[in-house]
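Please explain how the helices of this chain are arranged, and how individual residues sit within that arrangement. A walk through the structure, from one loop residue out to the whole chain and back to a single helix, would be useful.

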Amino acid sequence: MNTTENFRVKRMPVHEQVFDSLKKAISEGRWAVGEKIPTEMDLSEMFGVNRLTVRMALQRLIGMGLLETRVGDGTYVKRFSFRDYINNVSEFYLTPDLMDDILEYRNSIEMGALRLAVKRATDAEVEELHEICDQMDAAKAAYIKQTEAPLLQDFLDLDIRFHEKICFLSHNDLYIYSFDLMRNILYKYMESLVRDRTNAWISNAAKENPDDDKHRRVYLALRARDMEKCMREYSDIIDYRVSYY
C-alpha cells in the first residue's frame, strides 16, 4: 500500500483557482458590498487567463449570491444572505429522498426546542398556542366546507406559526434563528404533509373532535408540563410517514 497517495496535491482547474481567489478577495473586503468589480477583460489580465475562465468563476459567485450583474453596467458585490441562498435551493428539498433529511432536522431542532419549552415557557406563553389551535380549527373547517386553495393557505400559515411559536417558547435564540433560517424549506415540507392529509380531513369531518387534533394535544400536554406526551404527539405531527388526520 502506497501511504503517500493521500498526501499528493491535486491539480485544480484554472476556473476553480480564479473562483477561490475572487471569493477570498470578496470575503477580505477588497471590494466592498455595493462596489463594482473589474470587468471580465480586466480580471482576465489580472489572472493571466482567458475571459471564459473568468466568466465561469463569476457565474459561480453570482449563483452563490456573492455577486450580482446589472445589465449594461457591470458586476457588483452583493451582501450575502444565507437565508436567501437556502430559499433559492428549497425546491430541491421536496424530493422523496430528502424528506428524511428534513424530518431528521425537525427531530433535532424542533423536538429540542419543545423539550426546553416544557421547562421554560410561561403559562401566558403557552396560552398563545391555544389561540393558534382555535384559529387552525376554524381554518381547517373552512377548507373542508369549500376546499379552496386560499383557505388551505390560511391553514398552512397558522401551521408554521404554531411550530415557530414552539421554538420561541424554548427561549433559545439559536433554535429560533435556525427555524427562521429554514422557514421556506419547512413551509414546503408542511405543505406537502397537509396536502397529503386533506382527503382524510374531509372523510373524517363528521366524526372529528377538535380535542383529537395533535396540535391541540401538544398544547394541552405543554400546559400540563407532560414531557413524554408532548414529544409523542409532536413527533407524529412532523413525521410525513404518519397519517393522523
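A residue counts as buried when its relative accessible area is under 20%, as exposed when the value is over 50%, and as partly exposed in between. Thr147 has a relative accessible area of 41%, and is therefore partly exposed. This residue belongs to the loop that links α6, residues 123-146, to α7. Its backbone is worth a look: the phi angle of Thr147 is near 45°, a positive value in a residue other than glycine. The model shown is a predicted one.

The chain as a whole gives the setting. The protein chain contains 11 helices and 2 strands. In sequence order, the elements follow the pattern α-α-α-β-β-α-α-α-α-α-α-α-α. Of its 245 residues, 39% count as buried. Among the contacts in the protein chain with a separation of 6 or more, 71% are between residues 24 or more positions apart.

The two helices on either side of the Thr147 loop can be taken next. The axes of α6 and α7 come within 8 Å of each other and cross at roughly 165°. Angles over 145 degrees count as roughly antiparallel, so α6 is roughly antiparallel to α7. The crossing of α6 past α7 is left-handed. Sorted by class, the contact of α6 with α7 has 15 nonpolar, 2 polar and 7 charged residues.

Helix α7, residues 149-169, also packs against α10, and here the angle is about 20°, with the axes 12 Å apart. Because angles under 35 degrees count as roughly parallel, α7 is roughly parallel to α10. This crossing, of α7 past α10, is left-handed. From α7, the contact is made by Asp159, Phe162, His163, Ile166 and Leu169, and from α10 by His215, Val218 and Leu222. By class, the contact of α7 with α10 has 5 nonpolar, 2 polar and 1 charged residues.

How is α10 placed with respect to the rest of the structure, enclosed or not? In this helix 7 of the 10 residues are buried, so α10 is largely enclosed by the rest of the structure. The buried residues are Lys214, His215, Arg216, Val218, Tyr219, Ala221 and Leu222. Three of these names, His215, Val218 and Leu222, have already appeared in the contact with α7.

The ends of α10 can be described in turn. At the N-terminal end, Asp213 acts as a cap, with a side-chain oxygen 3.0 Å from the backbone nitrogen of His215. Just after α10, Arg225 takes a positive phi of about 60°, although Arg225 is not a glycine. Arg225 lies in the loop between α10 and α11, the latter spanning residues 227-238. With a relative accessibility of 29%, Arg225 counts as partly exposed.

Within α10, which spans residues 214-223, Arg216 is a useful residue to follow. Its relative accessible area is 7%, so Arg216 is buried. Which side chain does Arg216 meet in a polar contact of 2.8 Å? The partner is the side chain of Asp134. Another residue to set beside Arg216 is Glu131: the C-alpha atoms of Glu131 and Arg216 are separated by 10.0 Å, with the two residues 85 apart along the chain. Glu131 has its place in helix α6. At 46% relative accessibility, Glu131 counts as partly exposed.

Lys214, one of the buried residues of α10, leads on to α11. Asp236 lies in helix α11, and its side chain makes a polar contact of 3.1 Å with the side chain of Lys214. The C-alpha atoms of Asp236 and Lys214 are separated by 7.9 Å, and the two residues are 22 apart along the chain. The relative accessibility of Asp236 is 22%, so Asp236 counts as partly exposed.

To draw the threads together, α7 is roughly antiparallel to α6 and roughly parallel to α10. Helix α10 is largely enclosed. Its residues Arg216 and Lys214 make side-chain polar contacts with Asp134 and Asp236, respectively.

Definitions and conventions:
Residues are numbered from 1 along each chain as its sequence is written. This is a predicted model: local features need pLDDT of at least 70, side-chain atom pairs count only at pLDDT 80 or more; totals for chains, interfaces and linings use all residues. Side-chain values use heavy atoms; hydrogens and water are left out. Helices (H or I, at least four residues) and strands (E, at least two) are DSSP runs, numbered from the N terminus. Buried means under 20% relative accessible area, exposed over 50%, partly exposed in between (1.4 Å probe, protein chains only). A polar contact is a pair of N or O atoms within 3.5 Å; within protein, one must be able to donate a hydrogen and the other to accept it, and residues adjacent in sequence count only if both atoms are side-chain atoms. Axes are lines fitted to C-alpha atoms, for helices over the stretch in contact, and angles run from 0 to 180 degrees between N-to-C directions. Angles under 35 degrees count as roughly parallel, over 145 as roughly antiparallel, 65 to 115 as roughly perpendicular and the rest as oblique. A crossing is left-handed if the near helix is turned anticlockwise from the far one by less than a right angle, and right-handed if clockwise. Contact means heavy atoms within 4.5 Å. Ala, Val, Leu, Ile, Met, Phe, Trp, Tyr, Cys and Pro count as nonpolar, Asp, Glu, Lys and Arg as charged, and the others, Gly among them, as polar.
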